[in-house]
Amino acid sequence: MAYHSAKKLDDLRFKDDGLSTLTSEEQEKVEQLVGRNYTAYFRVKNLDPEVPLFRQKHVHYLKRGLHHLSEAYECLDASRPWLCYWILHGLELLNESISPEEISRTADFLRRCQYPSGGFSGGPQQVPHLAPTYAAVCALCILGTKEAYDIIDRPKLKSFLLSRRTAEGAFTMHRDGEVDIRGAYCAVVAAYLTNIVTPDLFEGTAEWITKCQSYEGGFSGEPGLEAHGGYTFCGYAALVLLGKQDLIDNKRLLHWVASRQMRLEGGFQGRTNKLVDGCYSFWQGGIFPLLHTVLGATTDGNSLSNEKWMFDQVALQDYLLMNCQLHHGGLVDKPGKSRDFYHTCYCLSGLSVAQHFVNKNQSNLTIVGGQENHLAPIHPVFNIGVHCASQALAYFRKQPLL
């Protein structure tokens, strides 16, 4: 918040009260890096007041990854639908189209990741898993062609989701796999986008998710653990889709997620007393549009702003534009880190949330750096473009009910 804040950097720094710990030392190191970047922008502000988004550099980085990955990505061999999703979503946020040949080739690869008995795998010939199933379904919806939609075998997808359901309504990520809140989110999104939701599929799921809300207000991966930004988004977005958001303490959730925005950096941390990370720009920032809608429907809704979300949108954009962009393309966790497609995707997603306020029939843009930095809006529940989500929902609603 230092770049556009009226306060000085020193007033925003972390105070360790004279008791230094490993955690406080790491926090101070990050603040030094971020503060150095903000100070550098202050020096040139009079010469060039706008903060640019390196749009074409990011497009080049993402498109190159769509065609070829180096050996360094061998460790992500079981996450290949995720790579498709991260790259495609990054490109749609940057308003960059891909050719019909690229669409067809990507769709065909995802087809080969679909398991014969249903669901999608991390790569051809691998076991089906809920996480790449979510990624593949979202990627095919972003591609947005009939060819892409029809790759999804809806009856077998439903069979796979049912096979992952536990007796209490939670979901295992794969056969004999772990149970956590990500599984519920991935299953709910895949089912809602493809119109295969039936009462038996998610019986008890909302109640199980509710047990994951911690005393802090956020959600943990499973009941009884520490609140975490990624798990919180997954749990709350699933509850919103299921229409059961009133089962949890929404105000306590708001207090927790609002407290995760860092004073000096302007970005979000994923957990209490942890470091800022660019990916939480979406995992935490994406919760605010959902909360705004939910709270706006209550008697307290009149006190909500009609112009902005309940976090500092300018400060988040400052952090992303000045600390997470690399000049040769791609976005990162924090200064000094290496670029990757995951952080590029979720940094851009968070930047889009921070730019776009949409509430009922009102909308407002808050764009740091001018219109040249404008990104496409996202659907905050699915984290794909609003247009792609609308098209996919319309297409699958015309398909026979299962």
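No disulfides occur in this predicted model. Cys84 takes part in no such bond, and the nearest cysteine sulfur to that of Cys84, belonging to Cys113, lies 6.9 Å away. Since a disulfide calls for two cysteine sulfur atoms within 2.5 Å, the 6.9 Å to Cys113 leaves Cys84 unpaired. Cys84 is also buried, with a relative accessible area of 10%.

Cys347 offers a companion case. Cys347 likewise belongs to no disulfide, and here the nearest cysteine sulfur is that of Cys324, at 4.5 Å. That 4.5 Å separation again falls outside the 2.5 Å limit for a disulfide. Cys347 has a relative accessibility of 1% and therefore counts as buried.

A further cysteine, Cys212, is worth a closer look for its surroundings. Cys212 sits in a loop, with helix 10 (205-210) on one side and helix 11 (229-242) on the other. Is this loop residue buried or exposed? With a relative accessibility of 1%, Cys212 falls under the 20% limit and so counts as buried. Which residues does Cys212 touch, once those up to four places away in sequence are set aside? The contacts are with Ile181, Gly218, Phe219, Ser220, Gly221, Glu222 and Pro223. One of these partners, Ile181, is 31 residues from Cys212 along the chain, yet the two C-alpha atoms are separated by 7.9 Å.

Turning to the chain as a whole, the secondary structure consists of 17 helices and four strands. The C-alpha trace extends over about 60 × 45 × 45 Å along its principal axes. The radius of gyration is 21 Å, in agreement with the value near 21 Å for a compact globule of 402 residues. Contacts between residues 24 or more positions apart make up 70% of those with a separation of 6 or more.

Burial and surface composition complete the picture. Of the 402 residues, 56% are counted as buried, and the three cysteines described above are buried as well: Cys84, Cys347 and Cys212. The accessible surface amounts to about 17,700 Å², with carbon and sulfur atoms contributing 52% of that area. As for charge, the chain carries 39 positive and 42 negative side chains. The centre of the positive set and the centre of the negative set lie 2 Å apart.

Conventions. Residues numbered from 1 in each chain as written. Predicted model: local features only at pLDDT ≥ 70, side-chain atom pairs only at ≥ 80, totals over all residues. Heavy atoms only, no water. Helix = DSSP H or I, 4+ residues; strand = E, 2+ residues; numbered from the N terminus. Rg over C-alpha atoms; globule rule 2.2 N^0.38 Å. Buried < 20%, exposed > 50% of the residue type's maximum accessible area, 1.4 Å probe, protein only. Contact = heavy atoms within 4.5 Å. Areas by Shrake-Rupley, 256 points an atom, 1.4 Å probe, with all protein chains shown as cover. Lys, Arg positive; Asp, Glu negative; His and termini not counted. Charge placed at Lys NZ, Arg CZ, Asp CG, Glu CD.
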